[in-house]
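Here are some notes to go with the model, written as numbered points. I hope they help as you look through the coordinates.

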Amino acid sequence: MLDIKMIRENPQMFVELLSRRGGDFSYIYDMVDKDKRRREIISQVEKIKALRNETSKQIGLLKREKKDASEVMKKVENIGVEIKAFEVELKEIEEYIHYNLLMTPNIPGKETPIGDTEDDNIEIKQEGTIPTYDFEPIPHWDLGTNLDILDFERASKISGSRFTVYKGLGARLERALINFMSDLHAIEHKYTEILPPYIINKDSMIATGQFPKFEDDAFKVLDERDLYLNPTAEVPVINLHRNEIIPVEQLPIRYTAFTTAFRQEAGSAGRDTRGIIRQHQFNKVELIKFTKPENSYKELDLMLKDSEKVLQLLKLPYRVVILCTGDLGFSMRKTYDIEVWLPSFRTYREIGSISNAEDYQARRANIKFKRTKDAKPEFVHTLNGSGLAVGRTVVAIMENYQQKDGTIVIPEVLIPYMKTDIIK
RNA sequence: GGAGGAAUACCCAAGUCCGGCUGAAGGGAUCAGUCUUGAAAACUGACAGGGCGUUUAUAGCGCCGCGGGGGUUCGAAUCCCUCUUCCUCCGCCA
């Protein structure tokens, strides 16, 4: 979340920056007014409390000396009532401010281009050559059904729409990619591997920014506890350090985590209904970093390179874009999307997203570090990126490596994991 | 699922029955110093942090803080309610 202290210094600047995302943020001014009232009340209440503490101490002294304290006690009797009245108002104001801060997205960074839709994203690089075919490339859902490695019909029997059964070498391809990506990041790129819980509490969802605004996107566990299915490894892994002061020598912390992610896709009805591009359940290998503020953009670019490496090794053509303000995620200051070429779509599709939240999530999650033993704690910067979405990588391999006879050649780096060089 | 027990500062731990000189004893670890060529030992000293408010201020002062939240009271680590986590035993289970 944003810092109310900084907002009150310059509210119009925050309103202007937030408006770049689209929407009305004029309520910020009201928050600043409420914050002023909040501080007034605190000053008053604390004066009264100081008096009460002092007087109570006197009562204690008198009683210990077996003296009569009833007169002094009468004097303070009503102090509690007075405090309570102030605290009712204070609580109301604080809840208002806190809720609005939770509902307010991050301000876009300087390098985030202003725009409304993904059409305003800026392409910064293309890599790999788009393959040409002497036949009409077919979409992955047909390839998968023909090869009997993806089973959509039976998946809907078991679970419903937007679920898929992987079968035979299809299942092995998914598993091979999970291992290939995890090995690359954990062993080659030196990220510490994490295997987190997939069921997550509400505090964690609030800390990374999913809640309260996007509660509809999560699968809720039917249980008296407030528990939800993991929507992305970003949530459990950032929350590893919630309410912690990280020893400065540990920074930067780099984690990689394979998780299965679950999403309602509530706002995507009718989009990508065929195939496995958009599923309620999908696998992802994620990269997460905690850094000092001054290093976060350097680490962001390194993270982008680590993600790109997956596609380079798989020899898949892709491009990188910078998301514009209208496409930027709620908690993020700056985001790169990696988009892979899909022949049957004749376009690039998102396969990974690499973002810097700066201190936005750290402030929500209360994650700090101290430069020295006596220094004041500062918020870390949090970064997260895909490394990559596994299901979409399966799609990219199937489509880009398809042959005229309907078979799929396995990329060389995956052969040790697949124990075969072709799916037929 | 059943029956008990516990949560105090970096760690261990006293205090909780019987509320007030406990804003938290004591020990360990750590840091600094004395001694030493250096180190160890011994001795001396420091050692609650974090948030909030006020403020030019990482100075002062104040408020909060003994697992979290709430309550009783002039006053709560101590009493009451509630939640969470951990431990022991029984049952069940991959």
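1. Let me start with a definition: a residue is buried under 20% relative accessible area, exposed over 50%, and partly exposed in between, using a 1.4 Å probe and protein chains only. By that rule His-189 counts as buried, because its relative accessible area is 19%. For orientation, this is a predicted model, in which local features need pLDDT of at least 70, side-chain atom pairs count only at pLDDT 80 or more, and totals for chains, interfaces and linings use all residues. Residues are numbered from 1 along each chain as written, chains are lettered from A and ligands numbered from 1 in written order, and side-chain values use heavy atoms, without hydrogens or water.

2. Now the overall picture. Chain A has 424 residues, 50% of them buried, and its C-alpha atoms fill a box of roughly 100 × 45 × 40 Å along the principal axes. There are 14 helices and 17 strands in chain A; these are DSSP runs numbered from the N terminus, with helices being H or I of at least four residues and strands E of at least two.

3. Back to His-189, which sits in the loop between α8 (169–188) and β4 (192–194). Its C-alpha is 9.7 Å from that of Thr-256, although 67 residues separate them in sequence. Lys-190, just after α8, has a positive phi of about 65°. Within α8 itself, the buried residues include Leu-173, Leu-177, Phe-180 and Leu-184. An α-helix has 3.6 residues a turn, so residues three or four places apart point the same way.

4. Which residues come nearest to RNA strand B? They are Glu-46, Ser-56, Arg-64, Lys-368 and Lys-370, out of 23 around the strand, where near means a heavy atom within 4 Å. Sugar and phosphate make up 68% of the strand B atoms that come within 4 Å of the protein. By class, this surface has 7 nonpolar, 4 polar and 12 charged residues. Here Ala, Val, Leu, Ile, Met, Phe, Trp, Tyr, Cys and Pro count as nonpolar, Asp, Glu, Lys and Arg as charged, and the others, Gly among them, as polar.

5. Some individual distances to RNA strand B are worth a look. A polar side-chain atom of Glu-46 is 2.8 Å from a base nitrogen, and a polar backbone atom of Ser-56 is 2.9 Å from a base nitrogen. The side chain of Ser-43 has an N or O atom 3.0 Å from a sugar or linking oxygen. Polar contacts of this kind are pairs of N or O atoms within 3.5 Å. The largest share of the surface near the strand, 14 residues, comes from α3.

6. Two peptide bonds deserve a check by eye. The bond from Phe-211 to Pro-212 is cis, with omega near 0°, and Pro-212 lies in the loop between α9 (202–208) and β6 (227–229). Leu-251 and Pro-252 are also joined by a cis bond, with omega about -5°; Pro-252 is in the loop between β7 (244–246) and β8 (253–262).

7. Finally, two positive phi values. Asn-366, with phi near 55°, is in the loop between α12 (360–365) and β13 (367–369). Asn-366 is partly exposed because its relative accessible area is 30%. Lys-419 has phi near 60° and is exposed, with a relative accessible area of 67%.

Technical notes. A polar contact is a pair of N or O atoms within 3.5 Å; within protein, one must be able to donate a hydrogen and the other to accept it, and residues adjacent in sequence count only if both atoms are side-chain atoms.
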